[in-house]
Amino acid sequence: MSGMLGTVNRILLAVAGLVLLAAGAVLLTGTWPLHGRHAPLLTAEARHRYGHADGWWSWAVLAGLAVVVLLALWWLLSQLRRPRLPAVVVDTGDGAFALLRGRALEQAVAAEAGALDGVAGCRVVLRGRRGSPALRVALQLEPHAVPADTLAAVAGPVLTHARASAGLADLPTEARLSVASHRAQRVT
């Protein structure tokens, strides 16, 4: 997905650059279709024709502009979303390399971290590059959990297993902790 997004970005930037370059050249020189630097953009006849049209002209322009705005918003939002890493390169030890699916590593780390005492839920996202991945772990702790103990358990055995299974010397990890909400118990 990220390769396709990169290609779409390059194409959109090239088209936008060419359109802006052409528009700048036309405006600076005042050539066709402007009919000179001091001529109005729309002649009196064109203003009359499009101003009193059957009504379809203005709706067509508005619909076209709405499509352009929606496409621009979609493109902007796709730039803000950070894609997940699809695979990690694993050295097999015999000079060859294998690919470990990123989702498989995420699920393994989430299952092991989620099984820790005091963890109500866990989400894991693999980011970075194939040769240098990084993890983002979001832990939802139960109200009785001790954050330091849970964090030590994740940093210790959980990440050690993840590094060993992926054949990585280093696996930078960002952990975010939150406490699960619970209902107050009624005392009678």
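Here are four short exercises on the predicted model above, each with a worked solution.

Residues are numbered from 1 along each chain as its sequence is written, and side-chain values use heavy atoms, with hydrogens and water left out. Because the model is predicted, local features need pLDDT of at least 70 and side-chain atom pairs count only at pLDDT 80 or more, while totals for chains, interfaces and linings use all residues.

**Exercise 1. Get your bearings**

Task: Find how many helices and strands the chain has, and the pattern they follow along the sequence.

Solution:
- Start with the elements: helices (H or I, at least four residues) and strands (E, at least two) are DSSP runs, numbered from the N terminus.
- The chain comes to five helices and five strands.
- Reading along the sequence gives α-α-α-β-β-α-β-β-α-β.
- Next, burial: buried means under 20% relative accessible area, exposed over 50%, and partly exposed in between (1.4 Å probe, protein chains only). Of the 188 residues in the chain, 21% are buried.

**Exercise 2. Check helix H4**

Task: Work out what span helix H4 (residues 102–114) should have, and where its buried residues lie.

Solution:
- The expected span is 1.5 Å times one less than the number of residues. For the 13 residues of H4 that gives 18 Å, and the end C-alpha atoms are 18 Å apart, so the two agree.
- Now list the buried residues of H4: Gly102, Leu105, Glu106, Val109, Ala110 and Ala113.
- Looking down the axis of H4, these buried residues fall within an arc of 130 degrees, so they line one face of the helix. The arc is that of the directions from the helix axis to the C-beta atoms.
- On the other side of H4, Gln107 and Ala111 are exposed.
- Finally, ask what covers the buried residues of H4: the cover includes strands S1 (87–91), S2 (97–101), S3 (119–128) and S4 (133–141), together with helix H5 (147–166). Contact here means heavy atoms within 4.5 Å.

**Exercise 3. Trace the S3–S4 hairpin**

Task: Describe how S3 and S4 pair, and which side chains of S4 are buried.

Solution:
- Two strands pair if DSSP finds at least two bridges between them. S3 and S4 do so in the antiparallel sense, over nine bridges.
- Four residues lie between the two strands of this hairpin.
- To follow the register, take the partners in S4: cysteine 122 bridges to leucine 139, arginine 123 to alanine 138 and leucine 126 to leucine 135.
- In a regular strand the side chains alternate between the two faces of the sheet. In S4, Pro133, Leu135, Val137, Leu139 and Leu141 point to one face and are buried, while Ala134, Arg136, Ala138 and Gln140 point to the other and are not.
- As for S3, seven of its ten residues are buried, so S3 is largely enclosed by the rest of the structure.

**Exercise 4. Assemble the sheet**

Task: Add strand S5 (residues 173–179), and give the strand order and the helices that pack on the sheet.

Solution:
- S4 and S5 pair in the parallel sense over seven bridges, with glutamine 140 opposite serine 178 in S5.
- From S4 the chain crosses through H5 to S5, and this β-α-β crossover is right-handed. That means the path runs clockwise from the first strand over the helix to the second, with the strands pointing away from the viewer.
- The result is an open sheet of three strands in the order S3-S4-S5, with mixed pairing.
- S3 and S5 stand at the edges with a single partner strand each, so one side of each has no neighbour in the sheet.
- The twist averages 15 degrees from one strand to the next.
- H4 packs on the sheet, touching S3 and S4, and its direction makes about 155 degrees with that of S3.
- H5 also packs on the sheet, touching S3, S4 and S5, at about 145 degrees to the direction of S4. Axes are lines fitted to C-alpha atoms, for helices over the stretch in contact, and angles run from 0 to 180 degrees between N-to-C directions.
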